[in-house]
Every structure is written in C-alpha cells, then in structure tokens.
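Work through the following exercises with the sequence and the model at hand, and compare each result with the solution that follows the task.

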Amino acid sequence: MRPGISIGSAPLRRRFAVGASVLALGAALLAGGGTALADPGDPAASAVDVTVNAAEGQGTIPGTAYGLNSAVWDAQMNAPQVQNLLSAANIGMLRYPGGSYGDIYHWQDNSAPGGYVAPGTDFDAFMGTVKKIGAQPILIANYGSGTPQEAAGWVRYANVTQHYGAKYWEIGNELYGNGHYGSGWETDTHADTSPAAYARNVADYATAMKAVDPSVKIGAVLTLPGNWPDGVMAAGESADWNHTVIPLIAGKADFVIVHWYPGGSDAAGMLNTPSQLAGELAQLHDQLDAAGVADLPIALTELNSNVFEDTQPNALFGADAYLTALQSGVFTVDWWDTHNGPGSISTAPDGATDYNDYGILSSGTCVGAVCEPPLNTPFAPYHAISMLSHLGTPGDQLVAADSGGPLVAAHAVHRADGDLSVMLINKDPAHSQTVALHYAGFTPDGSAATVDTFRDQATAIDSTTAADTGTWTLPPYSITTVTVHPKSGTSAALSAPGAPKVTAAGATSATVSWTPSTGGKVDRYEVYRQVGGTSELLAGSTGTSVTVHNLTPGSTFTWNVLARDSAGRLSRPSDPVTVRTGTPQDAPCTVSYDLTGGWGNGFNASVTVTNTGPTPITGWTLAFTFPSSGESVSGYWNAVLTSQGTHVVATPVDWNGTLAANGGNSATFGFTGANNGAYQDPTVFTLNGAVCTTL
C-alpha cells in the first residue's frame, strides 16, 4: 500500500529479427495497417516493425484480470458516480479494505484502530459496488491484529449469511514490512514476526476459513524477486522470506500475492520497467517450481509506479504493466488505487501538472494553491485501464506481439469472435512513431480496422475506423489499439487443444500431454516452442501426447500445442506450458549454486565445483550464464571472474587450482552480484567445457 488519505506503507525474453520472415505456421506472413490520428507536424522516423503471432498463445484473459484497490478511508468509494466510472472501465476485481488497512481492519464493526474509516464504506456497502459493476471481490483478512476465528466469521457472514460468493481472500497485506527486517510500516501484533511464523499462521487461517466455506481460495503474501526485502535474511535465519514461506504454505494456500512499485527518477526509466516485471515473475515461478508448487496462481494485488503517478507516463506504464503481468500468468492485476490524494506537485515531461496522486480518480483536494481537478475527474491511468478492454475482454486469448523499437511496446489479443486486436504504446513524449504491423498465424480480410486511441492529456478515448494500409502512426505519448478482422476460411473450426501438462522431463527430453481438440476431425497435433515473435515446430503427434528430444539441458521453454485439420489449417493455440529440463545425472562434475544474501538490487552467491570424473584436473575453468539480462558480477573472492555480457567465466586462484578425481575435493568461491530486476539462478555450468550436474 502507498500513502493515501490516511496511513500507508514503504516500500522468456522475446527476440525477433526485424524484417526477417516469421514462421507462419501454415499461413503466409501478411501485413496490414492504416493511418491513425497523428499530429501532422510530427517527424516520422522509419517504421518500427511489430509482429503479431496468433499461433503463440499466452493464456486466456480471466474475469479477474483488470482489478483495482478500494479503501475504507475513501468516502467516495461507493458513490454512484464512482460506480459508473468503474463499470465503464470494465473493472473485474475490487480489493478491500485497502492495503495496510487490511491488518488493522475489523469487519464486524467496520473499524480500523489507528486509522480512519469513512462513513458508508462498510463491507455490505462495498459489496453493493462490487455487484453493481459486475466485479468480484478480493478481501484482505486481518492477519496483523486479527485472528483466524475473526477471518472465519467474515467468511461465514459473506458467503453463508449474505451469499456474496467471495472467493479470494488474502491473509494480510505486506507482512514482510512488519519490522522483522528493520522497516515496520505493517501492523503485526504477533510475538513472532518471522516469515516462518507467518507461514504457519496462514495454515491456521486457511483451516478456519475453509471449515466455513471449503470453496474459498486463500492467498499468502510473498515478495517479488528483485524488490526489497527479497533475498534479505534476518539474524539467525538461513533463508529469506520467499524461500521460507513457500515450502510451508504448500498444500495450504491456493494462490500467492506480490506487489510492485518500480522505482526510478524519470519517466523514461519507469517506462522501461515492465520488461523487468516479466523476468521478476519468471523468477517467482522458478521459486514456486523449486518448492513443488509450480501451479500456484499469482495475484499482483498492488501495482503503481513511483513517477508522475496521475499523468500520461503512468498511464502508458500501467497499460504495459497490466498486460505484461497477465502474459506472465498473473490472474489479477489490481491498481493502487481508486482515490489516494495529492502529494508533492511536479511537471511531467509533456508539461502536464502531476499531483503525485496514486489514484485513478481525483480527490478534488489541494496542495497549497495548486488544486486537483474536480472530485472524481478521471486521471490518465483511469483511461489506460479503460483501454485494456478495447484490446481484449475475459475469455479472449493473449497472443505474442514483438516490437522492433525501444519506444514502442506492443501487446495483442485474439478475440473470441475471431478479430485480432493490437495495443501499441508510444513512449516518446515529443514525436509520433510509425509502425508496420505484420501477422503470423492470422490472415486479416483487408477491411477497415477499428482504431481506439488515448492521446496525451486527453480526457477521453477516441474511437474511429481507418483503412487497412499496412502502416499506423502513433501520436506522441499515446496508447493505440488496432482491431482487424479475419479472412473467411483461413482458420480451422477446431477448438484449441486443452492446456498441456508436463508428464516427464529429463536433461534432454520432455513429454507433454493434453486433452483433445473438438469441433471437427484432427489430422495431427503439433507442438511449438515460443521464440519471441516466432514459433519453432518441435514435434507432431496423431495422439494427445508426445515426447520431444534433443532439448538443451538446464533450460526453461514455453510450448503451445495446436491442432491441424485435413485442409492444413491450424486451430488456436493451447494455453502455454512451461517445460524445464534438468542437467545430466552422470556428468563428470557437480556444481552447487547458493544465494547467501540479497538486498533488492544486489546479492551474494557461493559456488562449489567438484570433479567426479576419474582424472584429476589442474587448472579448471567454470563457465555459466545469468538468465536475466540485468544480472552482473560486481566483486568476487577465491576465484577470478570475468564477464562478457551475462556470460561469466571463473578460474582458480593459486591455491585451489587442482580438483582431485572422483570427488576427492571441491573448490568453493563466491561473488557479489548486481541486479536490475530479476536475478535468476544460472542453471547450466560447464567445467572445462563439460556440462556438470547442477545440485
């Protein structure tokens, strides 16, 4: 939770060869586009190639996708004008009672000792708004100053007495901020404030709440990798928050919760952070997988930036971040928040006044002589959230979109009705950007496209139609969505195959299975690997299972399964499946890689290498590659480390250069790493060129 009217809180990389042919998956690579609402005087650079691959599925948009926070200190949270605005923005999930208030709020008497509760914000009033706008609630059970019994009573009232059907329940808010690591904004009255105690208590909450309603889903608080206090360990502990909590909640929690407020001192830096979010969520998936709970859903229940919060830069950030998170498997993204109140006044790069207000609607208040717009006036992020539904609505399929330019972000959705929508975000505050759209796995019919645009400092979204000419011009600092229509007869009538499951995985092979496609006769199924904006055919099968061989050890892949009919047409892709290969178990060496501490933007690691082969090695070289582009080595000891990009080579010092045969000894060295975002563990190590077993 960030500061508001009352209390607050503290704080598969894509690749595409621009201009190259894209694997069309049985369909020719076609181009489409048009001219979209550009300022005539703006200079237009050479066109940025954006390629959409409709055969590369990234999951279906859930009904909970587009979420928002509501807070009991907000007297306007249930006002009819606000309800109408949230309904118009297609908000699908509302979070209550508001960030850190969740750990002081008592639902029975609508009180929050130490905080302010506005009139008309009780639970039933909140649920009136939820029902009116057709959303779902996500509720914060009071962990900090409450009990499992109090939470169970809330479940009983909500779902047994009132029949609200409240499905999602978080156990507390940012409990890692309870003072255990030295910073204490979150209320926690437990005698033991450690992550282990939190995890054990989550199990007690889950037991009590599910005894009342077994259908409720219980969420546990985690930290997002690359963000404080991820990697931090308190005195006497051997693991950080996530590595302590995740194993203890396995089988007890139904989803996990993270928050994200990327830092940065300027708009340009902030607008580049959504690419970091993808890596940080990938690392979180890795942590869940390592604990045997890879399928635990992730909720991003607070999102905002810390730069120009109510002006256009944050709107561009918001649209990009929502979609990046959803493409990374998050089931809800909840913006912070509905109303928040102004802070320090500044000027955004486009000249607009920024009130440092984290809300999507104006509170109508002032800082000195500078006043916000009238109460409930939508800020730019409100319109960005509204633009999400112009791209796709629940039930539509997210598909790959790859941009060839750093100032243009792209996202795409294959709609349930067959149309394809592409969101193009121009991050340049001063100049328009020209985009050439290309398609793989989809053939547009060439008719006029629907174009929705949210311009810089606009007060509404412009909607129009435009001829499909192959090129689109994006106004400065804008969000543009282009929707094109499919050519008749180019798509199979077959449904997408069911979500694949990994049934076996080794060092160089993996087996996946899926439920059959329906709607017609399947000639064969094909398994494709996602490689940025392209898809690589790996294997085919006439059944509903296949084993793929010759995979790279220690790697993570994302695959889709598509069905092909007798006419050669492909179905829509299945939901994606993540496939992880191990390292050889009979390798001539072993390596253990252990994180020994972290502080958000840096970490320490220890590496131990052992020669298990029959011949001693004198003068060894150990090589590995960081999975995340933001990782690097900043210091080292007991070895000499050199780097080229993310590739690292370690060589011995004078006293540990010999590795005895058959595991007779080991060499251990350490290093300090710097990270900008994720800092995923290397998975493949080679000793003098031979792949080792990673322990």
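**Exercise 1.** Determine which residues make the nonpolar surface patch of about 170 Å², and classify the exposure of Val367.

*Solution.* The model is a predicted one, in which local features need pLDDT of at least 70 and side-chain atom pairs count only at pLDDT 80 or more, while totals for chains, interfaces and linings use all residues. Residues are numbered from 1 along each chain as its sequence is written, and side-chain values use heavy atoms, with hydrogens and water left out. Candidates for a patch have over 30% relative accessible area and no salt bridge, and nonpolar side chains (Val, Leu, Ile, Met, Phe, Trp, Tyr) are joined within 5 Å; a salt bridge is a side-chain nitrogen of Lys or Arg within 4 Å of a carboxyl oxygen of Asp or Glu, and accessible areas come from the Shrake-Rupley method with a 1.4 Å probe. The patch is made by Ile345, Val367 and Val370. Val367 lies in strand E13 (residues 366-367), strands being DSSP runs of E with at least two residues and helices runs of H or I with at least four. With a relative accessibility of 31%, Val367 is partly exposed, given that buried means under 20%, exposed over 50% and partly exposed in between.

**Exercise 2.** Classify the ring pairs Tyr322 with Trp335 and Trp514 with Tyr525, and locate their members.

*Solution.* Rings of Phe, Tyr and Trp (its six-membered ring) pair if their centres lie within 6.5 Å, and planes under 30 degrees apart count as stacked, over 60 as edge-to-face and the rest as tilted. This rule yields 37 aromatic pairs. For Tyr322 and Trp335 the centres are 6.2 Å apart and the planes 15° apart, which is a stacked pair. Because Tyr322 belongs to helix H8 (residues 312-327) and Trp335 to strand E10 (residues 330-335), the pair ties together parts 13 residues apart in sequence; Tyr322 and Trp335 are both buried. For Trp514 and Tyr525 the values are 5.5 Å and 65°, so this pair is edge-to-face. Trp514 sits in the loop between strand E24 (510-513) and strand E25 (524-531), whereas Tyr525 is in E25, eleven residues away, and both residues are buried.

**Exercise 3.** Compare the span of helix H9 (residues 380-391) with its expected value, and assess how far H9 is enclosed.

*Solution.* The expected span is 1.5 Å times one less than the number of residues. For the twelve residues of H9 this gives 16 Å, and the 17 Å between its end C-alpha atoms agrees. Since eleven of the twelve residues are buried, H9 is largely enclosed by the rest of the structure.

Technical notes. Buried < 20%, exposed > 50% of the residue type's maximum accessible area, 1.4 Å probe, protein only. Patch = residues over 30% accessible without salt bridge, like charges linked within 9 Å, V, L, I, M, F, W, Y side chains within 5 Å.
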